[in-house]
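This briefing introduces one protein structure to a reader who has not met it before. Please look over the sequence and the model, then read the notes below by topic.

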Amino acid sequence: MIIGIVSDTHISSRNRYLPAHLLEGLQGVDLIVHAGDFCDWWVYEKLSELAPVEAVAGNNDGDDIVERLGLQKIIEVAGKRIGLVHGDGWRGTTPDRAFNTFPNEAVDIIVFGHSHTPLSEIREDILLFNPGSPTDKRREPRYSYGKIIIEGDQVSAEHFFFDKE
């Protein structure tokens with residue numbers, strides 16, 4: 001099972017464009033997970049052309065997207081439980097907030113965004129993964145997205161970095 005991981009696309013209704021590097025990199029994935037801040041439903045629809053999409057809304061998404069997706073969820077994929085949350089809030093770091101979203105849930109992976117900072121770390125046997133952003137790198141040197149591969153009990157994660165086209 002190959003899962004494409006995306007967050008923080010921040011697409012406006014006037015700028016309906018996703019980078020070719022992202023679209024090419026997501027070709028052939030079994031599922032796409034988006035950790036919020038679409039900013040326009042068009043992004044969900046475009047990603048759905050490539051693969052099924054599981055997603056949550058972020059702090060920059062409108063009420064229509066929040067109502068459709070919710071702010072957090074747990075999905076089961078290939079025998080693994082994945083917690084999905086944007087990661088915004090007030091206390092602690094973004095990874096801490098994401099991790100603390102699922103304190104009493106048996107999750108194997110937590111996918112989050114918000115900071116636009118790529119991260120892959122194991123905390124208490126849980127993979128914390130932030131793909132960064134493919135469209136708004138902020139202070140990061142490059143744009144990014146990620147993939148998580150689940151093969152039996154094994155889970156691996158990788159970031160993919162690119163420069164603007």
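A residue is called buried when its relative accessible area is under 20%, exposed when that area is over 50%, and partly exposed in between. The model described here is predicted. The notes take up an annotated domain, one helix and a set of salt bridges, of which the structure holds nine.

**Annotated domain**

- According to the UniProt annotation, which belongs to an unreviewed entry, residues 1–146 are covered by "domain: Calcineurin-like phosphoesterase".
- Within the span of residues 1–146, helix makes up 19% and strand 28%.
- The C-alpha atoms at the two ends of this span are 14 Å apart.

**Helix α2**

- Helix α2 comprises residues 41–48, and its buried residues are Trp 41, Trp 42, Val 43, Tyr 44 and Leu 47.
- These buried residues pack against β2 (31–34), β3 and α3 (63–69).
- The N-terminal end of α2 is capped by Asp 40, which places a side-chain oxygen 2.8 Å from the backbone nitrogen of Trp 42.
- In an α-helix there are 3.6 residues a turn, so residues three or four places apart point the same way.

**Salt bridge between Glu 49 and Lys 46**

- The side chains of Glu 49 and Lys 46 form a salt bridge, with an N to O distance of 3.5 Å.
- Glu 49 counts as exposed because its relative accessibility is 61%.
- Lys 46 counts as partly exposed because its relative accessibility is 25%.

**Salt bridges between distant parts of the chain**

- Lys 73 and Glu 54 meet in a salt bridge whose closest N and O atoms are 3.5 Å apart.
- This pair links distant parts of the chain: Lys 73 belongs to strand β4 (residues 72–77) and Glu 54 to strand β3 (residues 53–55), and the two are 19 residues apart.
- Lys 73 is partly exposed, at a relative accessible area of 23%, and Glu 54 is partly exposed at 28%.
- Asp 163 and Arg 142 form a salt bridge in which the closest N and O atoms are 3.2 Å apart.
- This pair also links distant parts of the chain, 21 residues apart: Asp 163 lies in the segment after β10 (154–162), and Arg 142 lies in the loop between β8 (126–130) and β9 (143–151).
- Asp 163 is partly exposed, with a relative accessible area of 44%, and Arg 142 is partly exposed, with 34%.

**Salt-bridge network**

- Glu 76, Arg 81 and Glu 105 are joined into one network by salt bridges that share partners.

Terms used. Residues numbered from 1 in each chain as written. Predicted model: local features only at pLDDT ≥ 70, side-chain atom pairs only at ≥ 80, totals over all residues. Heavy atoms only, no water. Salt bridge = Lys/Arg side-chain N within 4 Å of Asp/Glu carboxyl O. Buried < 20%, exposed > 50% of the residue type's maximum accessible area, 1.4 Å probe, protein only. Helix = DSSP H or I, 4+ residues; strand = E, 2+ residues; numbered from the N terminus. UniProt positions renumbered as here; feature names shortened; annotations may be inferred. Contact = heavy atoms within 4.5 Å. Polar contact = N/O pair within 3.5 Å; in protein donor to acceptor, adjacent residues only side chain to side chain.
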